[in-house]
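Thanks, everyone, for making the time. I would like to walk through one model today, beginning with its aromatic side chains and then moving on to how its helices pack.

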Amino acid sequence: MAVEDTQPLISHLIELRKRLLNCIIAVVVIFFCLLYFSNDIYHLVASPLIRQMPHGASMIATGVASPFLTPIKLTVIVSVFIAVPIILYQVWAFVAPALYRHERKLIMPLLFSSTLLFYIGVAFAYFVVFPIAFGFFSKTAPQGVTIATDISNYLDFVMTLFMAFGVSFEVPIAIVLLCWTGITSPEDLKRKRPYVLVGAFVVGMFLTPPDVFSQTLLAIPMYLLFEVGVFFSRFYVGKGRRDDEEPEQEL
């Protein structure tokens, strides 16, 4: 009896290992495809700062191995970003057998939307936030101070912003899931709008560098995305699990 009870657990662990290996293989393949262009990728990511730097200024590398390791590190991160759809599909393939039919129909659009919103958040940071923030920083440098940003510090800075905006743009998905599971409702969220607006600025303060421009440029989209999530959550209310349905496979 004990052996029979352990069979489902073992099969699930084997399936989980398979899905994790698929994710790792996808990232590794993408990485090796991009490795030759690692310096070009770094130049592309650094372009918003380079365009705002004073004439004659340039980025520097203070570490001995930084010119080599920093573009490689960025390429690894970019490979993970590109592999996000594959990773989400592997997650979906692992949990789908335990979901009800109507849940699978609801979650698939959420997975697609979450991927799209993450990429939109990253693009918003690159095309909107970076030019404004770097332009402000370069113009407010004290007289006599030469702007020469270290490439490793710059990478850490932009990755923080990329993740902050990418994750923050998932707000509609979080709102839909909260309403779908019955934790809250669109009506409750509408009544809490003032608190959400203040909370958006507080979150922006913690997730972005200590400048008012980055905080505001994160807080305003977060609040607008909150309104989008409240609007679409109406279509997911009351569509959680029903007792008269059974999943295809019990975990």
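Let me start with a group of rings: Tyr42, Tyr126, Phe127, Phe130, Phe134, Tyr154, Phe157 and Phe162 form one aromatic cluster. Please keep in mind throughout that this is a predicted model, and that every value I quote is computed from it.

Within that cluster, how are the rings of Phe134 and Tyr154 arranged relative to each other? Their centres are 5.8 Å apart and their planes make an angle of 45°, which is a tilted pair, given that planes under 30 degrees apart would count as stacked and planes over 60 as edge-to-face. Phe134 belongs to helix H5 and Tyr154 to helix H6, which covers residues 151-168, so the pair ties together parts of the chain that are 20 residues apart in sequence. As for their surroundings, Phe134 has a relative accessibility of 4% and therefore counts as buried, and Tyr154, with a relative accessible area of 2%, is buried as well.

The count of aromatic pairs comes to 15. Another of them is formed by Phe81 and Phe118, whose ring centres lie 5.4 Å apart with the planes at 90°, so this pair is edge-to-face. It links distant parts of the chain, since Phe81 sits in helix H3 (residues 66-82) and Phe118 in helix H5 (residues 101-139), with the two positions 37 residues apart in sequence numbering. Both Phe81 and Phe118 are buried.

For contrast, is Phe32 buried or exposed? Phe32 has a relative accessible area of 56%, and because the cut-off for exposed is over 50%, this residue counts as exposed. Phe32 is found in helix H1, which spans residues 2-34, and its C-alpha lies 9.1 Å from that of Thr75, although the two residues are 43 apart in sequence.

Let me step back to the whole chain. It has 10 helices and zero strands, so that, read from the N terminus, the order of elements is α-α-α-α-α-α-α-α-α-α. Of its 251 residues, 41% are buried. If we take the contacts between residues at least 6 apart in sequence, 85% of them join residues that are at least 24 apart.

Now to helix packing, where two packed helices are described by the angle between their axes and the distance between the axes. For H6 and helix H10, the latter being residues 212-233, the angle is about 15° and the axes are 10 Å apart. Angles under 35 degrees count as roughly parallel, and H6 and H10 are therefore roughly parallel to each other. Their crossing is right-handed. On the H6 side the contact is made by Ala164, Phe165 and Ser168, and on the H10 side by Ser214, Leu217, Leu218, Met222 and Leu225. Sorted by class, this contact between H6 and H10 comprises six nonpolar residues, two polar ones and no charged ones.

One last residue, back in helix H5, is Ser114. With a relative accessible area of 12%, Ser114 falls under the 20% cut-off and is therefore buried. Which residues does Ser114 contact, once its neighbours within four places in sequence are left aside? They are Leu88, Glu170 and Ile173.

That is where I will stop, and I am happy to go back to any of these places in the model.

Definitions and conventions
Residues numbered from 1 in each chain as written. Predicted model: local features only at pLDDT ≥ 70, side-chain atom pairs only at ≥ 80, totals over all residues. Heavy atoms only, no water. Phe/Tyr/Trp six-rings, centres within 6.5 Å; stacked < 30°, edge-to-face > 60°. Helix = DSSP H or I, 4+ residues; strand = E, 2+ residues; numbered from the N terminus. Buried < 20%, exposed > 50% of the residue type's maximum accessible area, 1.4 Å probe, protein only. Axes fitted to C-alpha atoms, helices over the stretch in contact; angles between N-to-C directions. Parallel < 35°, antiparallel > 145°, perpendicular 65-115°, else oblique. Left-handed = near helix turned anticlockwise from the far one by under 90°. Contact = heavy atoms within 4.5 Å. Nonpolar A, V, L, I, M, F, W, Y, C, P; charged D, E, K, R; others polar.
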